[in-house]
2 protein chains.
Amino acid sequence: MAAPLRIALAQMNPVVGDIEGNLAKTKEMLRAAADAGAALVVFPELTLTGYPPEDLLLKRNFLARADAALKDLAASVQGITALVGWPEAADGLLYNSAAVLTDRQIEAVYRKQLLPNYGVFDERRWFEPGSEPLVVDVDGAKVGIEICEDMWEPEPTRCTAAAGAEVVVNLSASPYHFGKGREREQILCTLAREHGVHMAFCNLAGGQDELVYDGHSLMIDPQGEVTARGPQFGEALVLEGQVAEPLEREEEVYRALVTGVHDYVRKNGFERVVIASSGGIDSALTILVAVDALGPESVVTVTMPSRYSSEGTRSDARAISENLAVELHEIPIEEAMAAYTELLADAFEGREADLTEENLQARIRGNIVMALSNKFGWLVLTTGNKSEMSVGYATLYGDMAGGFAVLKDVYKGWVYRLVRWRNEREGRNLVPASVLDRPPSAELRFEQRDDQSLPPYDVLDAILEGYIEGGEDAEQLVARGLPEEDVRRVIRMVDLAEYKRRQAPPGVKISTKAFGRDRRLPITNRFRG
Amino acid sequence: MAAPLRIALAQMNPVVGDIEGNLAKTKEMLRAAADAGAALVVFPELTLTGYPPEDLLLKRNFLARADAALKDLAASVQGITALVGWPEAADGLLYNSAAVLTDRQIEAVYRKQLLPNYGVFDERRWFEPGSEPLVVDVDGAKVGIEICEDMWEPEPTRCTAAAGAEVVVNLSASPYHFGKGREREQILCTLAREHGVHMAFCNLAGGQDELVYDGHSLMIDPQGEVTARGPQFGEALVLEGQVAEPLEREEEVYRALVTGVHDYVRKNGFERVVIASSGGIDSALTILVAVDALGPESVVTVTMPSRYSSEGTRSDARAISENLAVELHEIPIEEAMAAYTELLADAFEGREADLTEENLQARIRGNIVMALSNKFGWLVLTTGNKSEMSVGYATLYGDMAGGFAVLKDVYKGWVYRLVRWRNEREGRNLVPASVLDRPPSAELRFEQRDDQSLPPYDVLDAILEGYIEGGEDAEQLVARGLPEEDVRRVIRMVDLAEYKRRQAPPGVKISTKAFGRDRRLPITNRFRG
């Protein structure tokens, strides 16, 4: 069933803080919507500033410029109605608002009522909640307005429908996690059917630091049928009748990583990235993602063998770089290691070799990638996965050294899954089968440490997912059948590694609970959970 | 004018998450208060969990254990009334509450009404606000109850007084910044006079990650006179008539640093710390603070000269360690630098030496202190000051490598001030005059970088303080008479260094706006403020 007016969803990818650039992009999409004959064009939440602007919202001149941009935009709107998000400073308070722009004027303003303050969200830090629904007349149709969180609880839509809305539009900045698009689709369908309204949901696209916005904008009719679905992750102007197919699970996650890397690198002005390639599965996936995000000419790899590197991993590192047509440097680290051994000989006299020497190797490699970064202006992408980051199997200032941690939120099991999927998609082994088939026990840092051996990855990942994403404690995990000794040891390791994660680079959130702003724990913490 | 009942303020230093330990300490102070003849003993906010427990509050078993601890405590209270803070889970919601314990029972519960969600605070993330004042009868006196933020706006105390309170007690976890104690004292005096009530304020003591709680608990009579003042920073049981003198400004800041270092190191179970000593003023102050916090036997210093180190700084480094009787290692870094030069020769062929080589030296030093840390279990204290952290004059994984950044929130001008004060206090130069007198231009990294020379420290610090703490923009700073070119360049450098600060270790907050949880800015950010 068609909506009572022609709506365009401007699924935009703004840059946080780039008010002038976002304004220009908004005007461009506004013109495209008018050209497509839309009567109403809906932009995402905080269109003009990007989301989340965080403490930029505490800056007087930031708010003033956002306000000036809104007025500039309003003056350019004619023959169409536009819904645009911006931070509204009024009477010394700040609101997360949407302006209704029509006939070169700000016709009305809606203030977001539900301000999320959980997970990655801190909206109560900056905004006051609004308290009133808003329904406006657009070309004879009654259009109700909501912003993001307003749709995640029943009350605001109930009030908007009760106020007479036939169409409820939602300006959103809803970040991605596994399957989030399907969750939103179900919520919107339920609301549409329950209130007999059309729902039109416009989400942000693109990456911002730890977050990726997956687009997936939607129009739903009062029967709960999807009448428009925007593409996932990319920018698009979405009109009714355009229904993109949702991606399969592996592709969805992979595209989230690609989007996160692309936007972090490009929005921060880097031309190339450098990745330490060990010949292992983590660096293989990191290189795949980087090449798909940036193109092979933007990716440099460097392999840094020591006496412990096998010929197998060295040749795999070469094969991956060759298959993907990326530059490869080979810089053996033995001489630097020898120099440190010499420097530290007195201080370490009488002491056995231990983790210290392993960490030193990792830090020499970290120094080398950072030296390449400094000399050539390349951004370092790190390769550690979430299983490692969880239990602290990563070296601070070593393999953790870099600007962006691509797999920070990807468990080891998923690393394998994504590499297999990408090989299959290609129809050939971009990553050699030997990398996939090599038993994890031989290839991973984990198993090199006899003093702290870990359970197999499937058990490890199950414990981690339950503890971190599921919020389950040891008792609950054991009741689910996970081995008690492993559960206790793994939980303890996760808790103790908090100090390392606090110094980790940002990375793409793909789970319901990523390390970073999403999960805030004290370092000084004696709780044994 | 004496309060209508004998009150003890239990200015306690809990450990976050150590519910059993905090319970034991609470019982101990409860006994001491009873022994001192108190009718009422007041503990700080969230007594049993420490503050802030952050996302531990999302854990089912954490809340259950805190609740069990409260019941255990209640059963031990007799012949006295105790006010104790804990997270109260009720009907699926969580409150930041205070329990009134008397006659082995929980007699009543007050729920914090004002939940701070600015600066370092995120209380809306976990708690629902309460909505009712609470006044209870203790030995015939009417006692009203508040928690921390409730006193920072007028309404809650007005309601509590209107409900008949003669004494208003406040359970607090109010973190330190310059002069915060005087601010609180003024607010409490105003409230006491305005409502004709006694105010009894009990604050936390000690350090927790980035925060230091300065104690400075207070009793104020209805005339606005201070009738009790607890010591700053340390634990104490404070009774009416005990009035500690507030510390002078330098000593207050210095003690904040000492407290922060002591508690971070000891609460995390470290026995010794290691500090890279350059012979400069920053490492000198860091060593002074560490020795005063932990004792000389817990502090190890290491000097790591290169060909660029002068004999003056090398002998100053030795003198500082000798004067403070701390262990000193000397590990020259030339050989490691030579090894890297060799390793990178091919990759760097045809390129001039630049910042890359400077950073490599800093990273070799970082590797050495981390190797000492790994081998001997020492915590690395870093030495960078706030002026450097602000503009990004610090090397990631180099001089920024470590567990705790002692001077992270101390501007360069204050570094000098504190060293001078500490020398004077000692009556001799613990830090040689040559370290203080050496012109900054010769001694500091800043001036080594001709491509990015900075304004003199007094101008730099004025710009930084206005921009960071003051929230002023370029226009406002220039209007205050600061040189426009410097202002623009410094602001730009602060904005661009956000990615470095994100990977910095925590450090002691002493200003109104510290880097860390207090100041949250996007890395990907094109706003030019």
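**Stop 1: a loop in chain A**

Select A:C148, which sits in the loop between β7 (141-147) and α3 (154-162) of chain A. Keep in mind throughout the tour that this is a predicted model. Look at the backbone here: A:C148 has a positive phi of about 40°, although it is not a glycine. Most residues other than glycine have a negative phi, and most peptide bonds are trans. Is A:C148 buried or exposed? Show its surroundings and you can see: 26 other C-beta atoms lie within 10 Å, so A:C148 is buried, the cut-off being 20 or more.

Next, go to A:F233, in the loop between β13 (226-229) and β14 (236-239) of chain A. Its phi is also positive, about 80°, and A:F233 is not a glycine. This residue is buried, with 26 other C-beta atoms within 10 Å.

**Stop 2: two hairpins**

Stay in chain A and select β6 (residues 135-138) together with β7. These strands run antiparallel and are joined by 4 bridges. To find one of the bridges, pick A:V138; its partner in β7(A) is A:A141. The hairpin has 2 residues between the strands, and in it A:D139 takes a positive phi near 50°.

Now hop to chain B and select strands β4 (residues 93-102) and β5 (residues 105-111). Here 6 bridges join the antiparallel strands. Colour B:S97 and look across to β5(B): the residue opposite is B:R111. Which residue of this hairpin takes a positive phi near 50°? Select B:D103 in the hairpin of β4(B) and β5(B), which has 2 residues between the strands.

**Stop 3: cis peptide bonds**

Zoom in on B:Y51 and B:P52, which are joined by a cis peptide bond with omega about -5°. B:P52 belongs to the loop between β2 and α2 of chain B. Then select A:Y51 and A:P52 in the other chain: a cis peptide bond joins them too, with omega about -10°. A:P52 lies in the loop between β2 (40-42) and α2 (60-75) of chain A.

**Stop 4: an enclosed strand in chain B**

Select strand β1 of chain B, residues 7-11. Why can this strand be called largely enclosed by the rest of the structure? Because 5 of its 5 residues are buried. In a regular strand the side chains alternate between the two faces of the sheet. Show the side chains of β1(B): B:I7, B:L9 and B:Q11 are on one side, B:A8 and B:A10 are on the other, and both faces are covered.

Add β2 of chain B (residues 40-42), which pairs with β1(B) in the parallel sense over 3 bridges. Opposite B:A8 you will find B:V41 of β2(B). Trace the chain between these strands: from β1(B) it passes through helix α1 (residues 19-35) to β2(B), a right-handed β-α-β crossover.

Then add β14 of chain B (residues 236-239), which runs antiparallel to β1(B) and is joined to it by 4 bridges. In β14(B), pick B:V238, the bridge partner of B:L9.

**Stop 5: where the chains meet**

Zoom out to show both chains. How many residues of chain B are in contact with chain A? There are 70, and they touch 70 residues of chain A. Helices that each supply at least two residues to this side of chain B include α2 (60-75), α5 (249-267) and α8 (334-343). Select α9(B) as well, since you will want to see the helix that gives the most, with 13 residues. Colour this side of chain B by residue type and you get 32 nonpolar, 18 polar and 20 charged residues.

**Stop 6: the axis**

Superpose chain B on chain A: a turn of 180° and a shift of 0.0 Å along the axis give an RMSD of 0.0 Å. The two copies are thus related as by a two-fold rotation axis. The same surface serves both copies, as 100% of the contact residues of chain B recur in chain A. To find the axis, select B:Q503, whose C-alpha comes closest to it among the residues of chain B, at 2.1 Å.

**Last stop: confidence**

Colour chain A by pLDDT: the average is 96, and 98% of the residues score at least 70. Now select residues 441-447 of chain A, where the pLDDT is below 50. Beyond near neighbours in sequence, this stretch has 7 contacts in the model. Where pLDDT is low, the predicted coordinates should not be read in detail. For the complex, the predictor gives an ipTM of 0.96 and a pTM of 0.97.

Key
Residues are numbered from 1 along each chain as its sequence is written. Chains are lettered from A and ligands numbered from 1 in the order in which they are written. A residue is buried if 20 or more other C-beta atoms lie within 10 Å of its own, exposed if 12 or fewer, and partly exposed in between; C-beta atoms are placed from the backbone. Two strands pair if DSSP finds at least two bridges between them. A crossover is right-handed if, with the strands pointing away from the viewer, the path from the first strand over the helix to the second runs clockwise. pLDDT is the predictor's confidence in each residue, from 0 to 100. Two residues are in contact if their C-beta atoms, placed from the backbone, lie within 7 Å. Ala, Val, Leu, Ile, Met, Phe, Trp, Tyr, Cys and Pro count as nonpolar, Asp, Glu, Lys and Arg as charged, and the others, Gly among them, as polar. Copies are superposed by least squares on the C-alpha atoms of residues with pLDDT of at least 70 in both.
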